Amino acid sequence: MEAFAPGERLVLVSGRLVEGARSRSKAPSKKHSRPRLTLVATPGDLREWIALLEREGELVRVQAEVDPYLEMTEITDRVVKAGGPALLFERPKGSTHPLLINQFGTERRMCLALGVDRLDDAAAKLESVLEMQPPQGLAEKVKGLKKLKSIADSMPKTVRTGPVKELVLQQNEVDLDLLPIQHCWPGDPAPFITLPAVITHDPKTGTRNVGMYRMQKLDSKSTAMHWQLHKDGRMDYLASDGRLDVAVALGLDPVTAYSASAPLPKHVDEFMLAGFLKGEPVELVQCNTSEVLVPANAEIVLEGYVEQGDLTLEGPFGDHTGYYSAAEPFPVFHVTAMTMRADAIYPSIVVGKPPAEDAWLGKATERIFLPAIRMSVPEIVDYDLPVAGAFHNCVIVSIRKSFPGQPQKVMHAIWGLGLLSLTKSVVVVDEHVDVHDYDEVFFRVTANVDPQRDVMLSEGPLDHLDHAPTRQFYGGKIGIDATHKGPEEGTREWPEEIVMSDEVQSLVDRRWAEYGLERAADGADGRDQRSLRQLLRR
Ligand SMILES: Cc1cc2nc3c(=O)[nH]c(=O)nc-3n(C[C@H](O)[C@H](O)[C@H](O)COP(=O)(O)O)c2cc1C
Ligand SMILES: [Mn+2]
């Protein structure tokens, strides 16, 4: 692989994260080629994924013994923030199981995981199904059938057994101490399982839910289950009377692991989304001590239950907000069986001050869900959830405006849409503004906004982890309308934007070599060179 120098830092170019010295090109422009709809096969399990990462020069094996108590976090945080490779810690202190981390830490790896060139390609696949129209003619019908087949292939499939059953530890044999569970930050009270797929069923409808919720280790046979207020897993728990069976899958193929973090509506099974993105069904096997089905390809499965009224004080935890989230009561998860591959690889992730590894899991969700959002709010052209805004703190959205009040309509729509409803601030810009270019957004906000007229304060539900509001879960929201206005909205005539004429732009393009500026760009180094190249629009 390319030499990775820990000194390289992750830099922001046009509001997108790029890897320090490895960035060769600017973020793909919107005018780029059309999304490719033929997607390559995604890895079948964690081992195929590790092999792919290794072939692509995207993985480093750490052979030195490393302590899962803090040391691993410090190493990983440095590597993640520098845009470095996935890490396979082969000798975590105190465990015989290797630990994989930073598998999702760059845009390239997130794309490799999903088998696409660009994250937008995964969205395009979903969009083509969402926008299906009754087919006209034979060719259209064949295409339509293919699309329908892709939906049928998304349904999970039950199989008899799988590698996750190689070792079965029941009752007294259950031992979470076998796993190299990371103690992430100094203020955490215990180790936390950070990259699980937690599977439950709605006690009333039977619908499956899969979510990623951290699990604080309480002892060798139990953990806490951090189901935040607005999450589907918590709804299943609240709807159960008495006991609720829970299964936790660890070490999955990357698409299935990603899907656990996807904010789907409650009645949609996340394994369906995984199957759709993979192009083949997720294969499930039944637990040994309950009827819950778990991915047959998992490295490790924890089977168990939670019970009404059985709570523990969970946290504090160094969270993705960049702060410790406060200790609160959460359900206790009792592990009744552990099934695993004999040489199971344990997956982990460190969250903390952004950007952390979860940045690209979030960006994948941002891209994949755009078509679905456009279905309900069609004037939306694009949107961006800045990583530094920890995803729920800020949404920048561009719209095709055709009537007064439309920016405000879109703010309200976002505040009413799934987990986006927890967004604290919404910035609305016109359709031609690149929402991923934070400099441009800042320019529009400062140039186009009359704070008295264009800032809307509202209130509503806020993220469970948001520490800023005076009271938890509820507080203020801000909407900033940075679009152009006009007399129809009661303002004076909006001034014209400065743009060079096409003829002169082409003339300068044609004559560029003659000006002798190329050498100036080549001579400069580092950031200067990059910014000069940007000025030269290259
Ligand atoms: C690394 C990571 C850790 C997460 N930890 C939690 C958590 O501890 N509790 C929680 O409620 N959500 C957590 N989330 C967010 C949920 O996974 C996400 O909201 C998901 O949509 C929940 O699934 P659900 O909508 O089916 O409940 C985490 C996400 C990631 C990427
Ligand atoms: Mn869900």
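A residue counts as near a molecule or strand if its C-beta atom, placed from the backbone, lies within 6 Å of it. With that in hand, 20 residues surround ligand 1, and the closest are Gly211, Met212, Gln228, Lys231 and Asp232. The elements that each give two or more residues to this shell are listed here.

| Element | Residues |
|---|---|
| strand S10 | 208-211 |
| helix H6 | 232-239 |
| helix H9 | 358-376 |

Helices (H or I, at least four residues) and strands (E, at least two) are DSSP runs, numbered from the N terminus. By character, the shell around ligand 1 divides into nine nonpolar, seven polar and four charged residues. Here Ala, Val, Leu, Ile, Met, Phe, Trp, Tyr, Cys and Pro count as nonpolar, Asp, Glu, Lys and Arg as charged, and the others, Gly among them, as polar.

This is a predicted model, in which local features need pLDDT of at least 70 and side-chain atom pairs count only at pLDDT 80 or more, while totals for chains, interfaces and linings use all residues. Residues are numbered from 1 along each chain as its sequence is written, and chains are lettered from A and ligands numbered from 1 in the order in which they are written.

Now to the chain as a whole: it has 15 helices and 26 strands. Of its 538 residues, 42% are buried (20 or more other C-beta atoms within 10 Å of the residue's own, with C-beta atoms placed from the backbone).

Gly479 sits in strand S26 (residues 474-481). Why is Gly479 buried? Because 22 other C-beta atoms lie within 10 Å. Val427 is 52 residues from Gly479 in sequence, yet their C-alpha atoms are 5.9 Å apart.

Notes. Buried ≥ 20, exposed ≤ 12 C-beta atoms within 10 Å, placed from the backbone.
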